[in-house]
There are 2 protein chains.
Amino acid sequence: MKLYTAAMAPNPDRVRFFLQEKGAWDQIERVEVSIMKGEHKTPAYREVSPLAQVPALSLDNGVHITESRAVCTYFESVFPEPNLMGRDGQEAAVIEMWDRRVELSYMGHIAGWFRHSHPAMAELEAPQCKEWAEICSRRAIMGASFFNERLAVSPFVAGDRFTIADISLYVCMGFGRLVKFKPWETLPALSAWRDRMASRPGLA
Amino acid sequence: MKLYTAAMAPNPDRVRFFLQEKGAWDQIERVEVSIMKGEHKTPAYREVSPLAQVPALSLDNGVHITESRAVCTYFESVFPEPNLMGRDGQEAAVIEMWDRRVELSYMGHIAGWFRHSHPAMAELEAPQCKEWAEICSRRAIMGASFFNERLAVSPFVAGDRFTIADISLYVCMGFGRLVKFKPWETLPALSAWRDRMASRPGLA
């Protein structure tokens, strides 16, 4: 199989961290796609990823998988340990719930804020909607507070162990830097959790 | 267990259709939450669903599960047949990929269009951003075209059998009516698929 990936981008990082935590990153054949050079929009790449998204996984049997969380679902089945997505139906549901809360109540707002306010995105998102960026920035701040409250009572996002939901939230922290959003500077539980995450070799 | 649900709302309908397709809807104790009366924002309901979302599932062991897709993940483990989320890692990943494409390339745009343009949402979303609704409406039209192309070459959204991704796309069709968006009137493959879906007892 072959993993199409890109450096320094949030969704590719979710898959990279996931594989690094499983100790499997170096076992996967990888192809670097330059988003800045527009390589994700070529007809050849669209054969793999019709919506021009990175990452994408191409299996030896010709099946292509895009959407970072779906790529992780596949890798969870190939590299089951350490488990990051749940060992039974209840745990899988609780982890997915927390992962979706990260995406829908936080990551999506940072994405909207960045895409509709950052000069680097002016051409790609044209027309940018500054008013929408403003709304998203307020919601991202609320999202950070929500997770600060969560991490004040839980050592990890989804409960008492490290899971994919921690990876997703940690990726948000880096993504937010693009709009100079550093909520850990004022939110103590988020800050302490982030320090613990930053010390994990898998998240480097 | 107890399922908190609401009539005529897209996310509760995803779970309802999922359970109806499994023949399990009538086996679940249900509590109707009136979103119009604001019952989802009461402190008692927030104990179950901290982000005031419907649906929510309360298990007998005290665990609460929100996020409609996570609720479906739990029910898939309790009622495994007919399988709607994949029988192995590859199939689960492909179905999740298609389900996320429905959410991210279509349903999210209808949600943005509706929330930021419909008078009924003026108070809940204040301030509404009309320019964002406009952007979302154009993207929803692109999303409908993408799925029309998909359904011209595939009998179901995720491949050759009915899955949760069909439920999600079918819910989008109903959701879009709120902004008078009826893409099936001009897109033949989407229209034919929608007719097949409408004839399923589970999707009524």
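This is a short tour of a predicted model with two chains, A and B, going from the domains of one chain to the contact between the copies.

**Stop 1: the two domains of chain A**

Start by colouring residues 2-78 of chain A as domain 1 and residues 89-203 as domain 2. Place a centroid on the C-alpha atoms of each, and you should find the two centres 21 Å apart. Where they meet, domain 1 of chain A and domain 2 of chain A each bring eight residues to the contact. On the domain 1 side, select helix 1 of chain A, residues 10-21: this helix gives the most, with seven residues. By type, that side of domain 1 holds four nonpolar residues, one polar and three charged.

**Stop 2: helix 6 of chain A**

Now select residues 130-153 of chain A, which form helix 6. How far apart are its end C-alpha atoms? They lie 36 Å from each other; at 1.5 Å a residue, 24 residues should span 34 Å, so the two values agree.

Show side chains next. Trp132(A), Ala133(A), Ile135(A) and Cys136(A) are among the buried residues of this helix. Further along, Ala140(A), Gly143(A), Ala144(A), Phe147(A) and Leu151(A) are buried too. What do the buried residues of helix 6 pack against? Within chain A, their partners are helix 4 (89-115), helix 7 (164-176) and helix 8 (188-198). Helix 6 (130-153) of chain B is a partner as well, and that takes us across to the other copy.

**Stop 3: the contact between the chains**

Bring both chains into view and select the residues in contact: 28 from chain B and 28 from chain A. On the chain B side, strand 4 (64-66), helix 3 (68-78), helix 4 (89-115) and helix 6 each give two or more residues. Highlight helix 4 of chain B in its own colour, since you will see the largest share there, 10 residues. Colouring this side of chain B by residue type gives 14 nonpolar, six polar and eight charged residues.

**Stop 4: the axis**

Finally, superpose chain B on chain A. A rotation of 180 degrees, with 0.0 Å of shift along the axis, does the job at an RMSD of 0.0 Å. The two copies are therefore related as by a two-fold rotation axis. To find a landmark for that axis in chain B, centre on Trp132(B): its C-alpha is the nearest to the axis, at 3.1 Å. Both copies use the same surface, with 100% of the contact residues of chain B recurring in chain A.

Key:
Residues numbered from 1 in each chain as written. Chains lettered and ligands numbered in written order. Predicted model: local features only at pLDDT ≥ 70, side-chain atom pairs only at ≥ 80, totals over all residues. Helix = DSSP H or I, 4+ residues; strand = E, 2+ residues; numbered from the N terminus. Expected span 1.5 Å × (residues − 1). Buried ≥ 20, exposed ≤ 12 C-beta atoms within 10 Å, placed from the backbone. Contact = placed C-beta atoms within 7 Å. Nonpolar A, V, L, I, M, F, W, Y, C, P; charged D, E, K, R; others polar. Least-squares fit on C-alpha atoms with pLDDT ≥ 70 in both. Domains from an automatic or database assignment.
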